[in-house]
Amino acid sequence: MCDRRGEKSVVRIALLGAPGAGKGTQANAMQERWGLAHVASGDLLRDNVKNDTELGRKAKPYMEAGELVPDDLILDMMEERLARPDAQAGFVLDGFPRTLAQAEALDARLEAKGQQLDAVINLVVSEEEILRRLSGRLICPQCHAVYQAETMPPKQPGICDRCGAKLVQRSDESPEVVRKRLQVYEEQTAPLVDYYRKKGILHEVDGAIGVERVLEKIAAILEEAAKQVGGRGSE
Ligand code: AMP
């Protein structure tokens, strides 16, 4: 990510928003456009479940019930992920942090390295729209692209545009589990909006204005964040 002077700035962003708000879609676009590492805790967990790792076996029952996986498991997983080389050039977090304890642990981890989150973007979408989107959502188990049967269908039915893999429905998107996930979001994750607002890094974006327009709003926020990072000096 470059600032206006064309200098390279490392920006660290987190996306907040209910399931189905568009975090994955926007984070994928941000990765493509600005080269930020897309770090999605849900994708990492689903990969662990698919590969039947110890973490996957522990996380699976929580995921299938629409509940949050315990913080200690998530924090170990994220510690390892954020230490990988691609994340050193900046990242966009998708689905993490999801609890106050995770947010505080992330702050402490970044602070210990003289780093910080530069912006937190809350994608705001009504519950009615969320339910509509989730009912037709398809994901690519290979490259993690996200589709929506009505509004964002793949070019060829059931096939990923990006990598050609067969698309699947998520196992946690039955109506009961979706209801549980929305409840968990309200109770445990929505309080993070205030947490980041108090820190002065929260930006709210209407998530219902279309993928391209949301990305343009995000671009303006990133440009501002990159300028500030540039002003603090390169890391
Ligand atoms: P997502 O793909 O972000 O909707 O996540 C799918 C599921 O993975 C969630 O319903 C949780 O069970 C689990 N999960 C993902 N990220 C986290 C997190 N940061 N903390 C706890 N559980 C998580």
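This report describes the overall form of one predicted protein model and then a selection of its residues.

## Overall form

The protein chain has nine helices and seven strands. Its 235 residues would give a radius of gyration near 18 Å if they formed a compact globule, and the chain has 17 Å, so the value agrees with that expectation. Taken along the principal axes, the box filled by the C-alpha atoms is roughly 45 × 40 × 30 Å.

Half of the picture is interior: 50% of the 235 residues count as buried. Among contacts between residues at least 6 apart in sequence, 70% join residues at least 24 apart.

## Surface and charge

The protein chain exposes about 11,700 Å². Carbon and sulfur atoms supply 50% of that area. The chain carries 33 positive and 38 negative charges, and the mean positions of the two sets are 3 Å apart.

## Thr189 and the cis peptide bond

Thr189 belongs to helix 7, which covers residues 175-189. Its relative accessible area is 3%, under the 20% limit, and therefore Thr189 is buried. The side chain of Thr189 reaches the backbone oxygen of Arg98 at 2.7 Å. With neighbours within four places in sequence left aside, the contacts of Thr189 are Leu16, Pro97, Arg98 and Val184.

One of these partners, Pro97, takes part in a cis peptide bond with Phe96, with omega at about 0 degrees. Pro97 lies in the loop that runs between strand 3 (91-94) and helix 5 (100-112).

## Two loop residues with positive phi

Asp52 is not a glycine, yet its phi is positive, at about 55 degrees. This residue sits in the loop between helix 2 (41-50) and helix 3 (54-65). The relative accessibility of Asp52 is 48%, so the residue counts as partly exposed.

His144 is likewise not a glycine and has a positive phi of about 70 degrees. The loop that holds His144 lies between strand 5 (137-139) and strand 6 (146-148). Because its relative accessibility is 21%, and buried means under 20%, His144 counts as partly exposed.

## Helix 4: Asp76 and Arg81

Helix 4 spans residues 71-82 and includes Asp76. Asp76 has 59% relative accessibility; exposed means over 50%, so Asp76 counts as exposed. Between the C-alpha atoms of Asp76 and Pro154 there are 34 Å, with 78 residues separating the two along the chain.

Arg81 also lies in helix 4. Its relative accessible area is 7%, and Arg81 is therefore buried. Not counting residues up to four places away in sequence, Arg81 touches Ala37, His38, Val39, Leu44, Asp86 and Ala87.

## Strand 5: Ile139

Ile139 is placed in strand 5, the strand of residues 137-139 that precedes the loop of His144. The relative accessibility of Ile139 is 12%, so this residue counts as buried. Apart from neighbours within four places in sequence, Ile139 is in contact with Arg46, Ala145, Val146, Leu167, Val168 and Arg170. Of these, Val146 falls within strand 6 (146-148), and Arg46 falls within helix 2 (41-50).

Ile139 and Ile13 are 126 residues apart in sequence. Their C-alpha atoms are 23 Å apart in space.

## Helix 3: Ala65

Ala65 lies in helix 3, the helix of residues 54-65 that follows the loop of Asp52. At 33% relative accessibility, a value between the 20% and 50% limits, Ala65 counts as partly exposed. Its contacts, neighbours within four places in sequence left aside, are Val177 and Lys180. Both numbers fall within helix 7 (residues 175-189), the helix that also holds Thr189.

In sequence, Ala65 and Leu222 are 157 residues apart. In space, 35 Å separate the two, C-alpha to C-alpha.

Note on methods:
Residues are numbered from 1 along each chain as its sequence is written. This is a predicted model: local features need pLDDT of at least 70, side-chain atom pairs count only at pLDDT 80 or more; totals for chains, interfaces and linings use all residues. Side-chain values use heavy atoms; hydrogens and water are left out. Helices (H or I, at least four residues) and strands (E, at least two) are DSSP runs, numbered from the N terminus. The radius of gyration is taken over C-alpha atoms; the globule rule is 2.2 Å times the number of residues to the power 0.38. Buried means under 20% relative accessible area, exposed over 50%, partly exposed in between (1.4 Å probe, protein chains only). Contact means heavy atoms within 4.5 Å. Accessible areas come from the Shrake-Rupley method with a 1.4 Å probe; for residues, only the protein chains shown count as cover. Lys and Arg count as positive and Asp and Glu as negative; His and the chain ends are not counted. The place of a charge is taken as NZ of Lys, CZ of Arg, CG of Asp or CD of Glu. A polar contact is a pair of N or O atoms within 3.5 Å; within protein, one must be able to donate a hydrogen and the other to accept it, and residues adjacent in sequence count only if both atoms are side-chain atoms.
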